[in-house]
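Please open the model in your viewer and keep the sequence panel visible. The stops below say what to select next and what is there.

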Amino acid sequence: MASNITLTMIKPDGVADGFTGKILDHIIAAGFKIQAMKLTRLSTEKAQEFYAVHKERPFYGELVAFMTEGPIVAAVLEKENAVEDFRKLIGATNPANAAEGTIRKLYATNIERNAIHGSDSDENAAIEAAFHFSGLERF
Ligand code: GDP
């Protein structure tokens with residue numbers, strides 16, 4: 001059964017480029033409720049842990065450097081079918097392939113600096129939500 005939550009991060013490029021408000025508008029307009037949210041910054045160790053699934057990939061080092069270069073906005077979002085609907089809202093990993101109107105099409109720069117993260121499964125959404133937030137920080 002779908003857990004109805006997903007974990008997002010507005011990545012360092014999205015925050016530094018001043019797109020936090022516009023991206024949150026898209027998320028809220030699409031019907032997601034914010035359960036938890038914070039401005040934070042990943043340490044190298046935490047970024048390595050978050051992206052451990054990619055550690056054998058050639059871009060792992062660059063990805064960790066990018067994700068630690070500045071603050072991010074992390075949030076737990078709630079909606080029916082949250083994981084799948086949010087992946088549709090953000091669009092393809094590479095903004096060149098992202099559908100018109102998606103967050104990555106509108107605000108991403110390239111396949112790495114792609115403005116936003118969205119969990120890829122209910123299982124990972126639960127793991128990633130617990131990575132960023134305690135139960136007391138979720139409403
Ligand atoms: P996502 O689920 O759409 O975020 O994509 P992935 O899980 O495949 O990749 C995680 C993140 O790694 C992406 O969002 C990008 O920031 C980055 N990334 C993915 N593919 C590449 C690549 O080919 N090169 C680089 N430099 N970064 C990549």
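A residue counts as buried when its relative accessible area is under 20%, and as exposed when that area is over 50%. Keep in mind throughout that this model is predicted.

**Stop 1: Ala 82.** Select Ala 82, which belongs to helix 5, the run of residues 82-90. Is Ala 82 buried or exposed? With a relative accessible area of 1%, Ala 82 is buried, because that value is under 20%.

**Stop 2: Ala 82 to Ala 115.** Now add Ala 115 and draw a line between the two C-alpha atoms. Ala 82 and Ala 115 are 19 Å apart in space by this route, and 33 residues apart in sequence.

**Stop 3: the ligand and its shell.** Select the ligand next. The space that the ligand takes is the largest pocket. Which residues surround the ligand? They are Lys 11, Tyr 51, His 54, Phe 59, Glu 62, Leu 63, Arg 87, Thr 93, Arg 104, Ile 111, Glu 112 and Asn 114. Coloured by class, this shell shows five charged, four nonpolar and three polar residues.

**Stop 4: polar atoms at the ligand.** Show the side chains of three residues from the shell, one after another.

- Arg 87: a polar side-chain atom lies 2.8 Å from an oxygen atom of the ligand.
- Asn 114: a polar side-chain atom is 2.9 Å from a ligand oxygen atom.
- Arg 104: an N or O atom of the side chain is 3.1 Å from an oxygen atom of the ligand.

Finally, switch on the surface of the ligand. Taken alone, the ligand exposes 550 Å², and the protein buries 81% of that.

How values were computed: Residues numbered from 1 in each chain as written. Predicted model: local features only at pLDDT ≥ 70, side-chain atom pairs only at ≥ 80, totals over all residues. Heavy atoms only, no water. Near = heavy atom within 4 Å. Polar contact = N/O pair within 3.5 Å; in protein donor to acceptor, adjacent residues only side chain to side chain. Areas by Shrake-Rupley, 256 points an atom, 1.4 Å probe, with all protein chains shown as cover. 1 Å grid on protein atoms, 1.4 Å probe; cavity = no way out; pocket = protein on both sides within 12 Å on 5 of 7 lines; lining within 4 Å. Sits in = over half its atoms within 2 Å of the grid points. Nonpolar A, V, L, I, M, F, W, Y, C, P; charged D, E, K, R; others polar. Helix = DSSP H or I, 4+ residues; strand = E, 2+ residues; numbered from the N terminus. Buried < 20%, exposed > 50% of the residue type's maximum accessible area, 1.4 Å probe, protein only.
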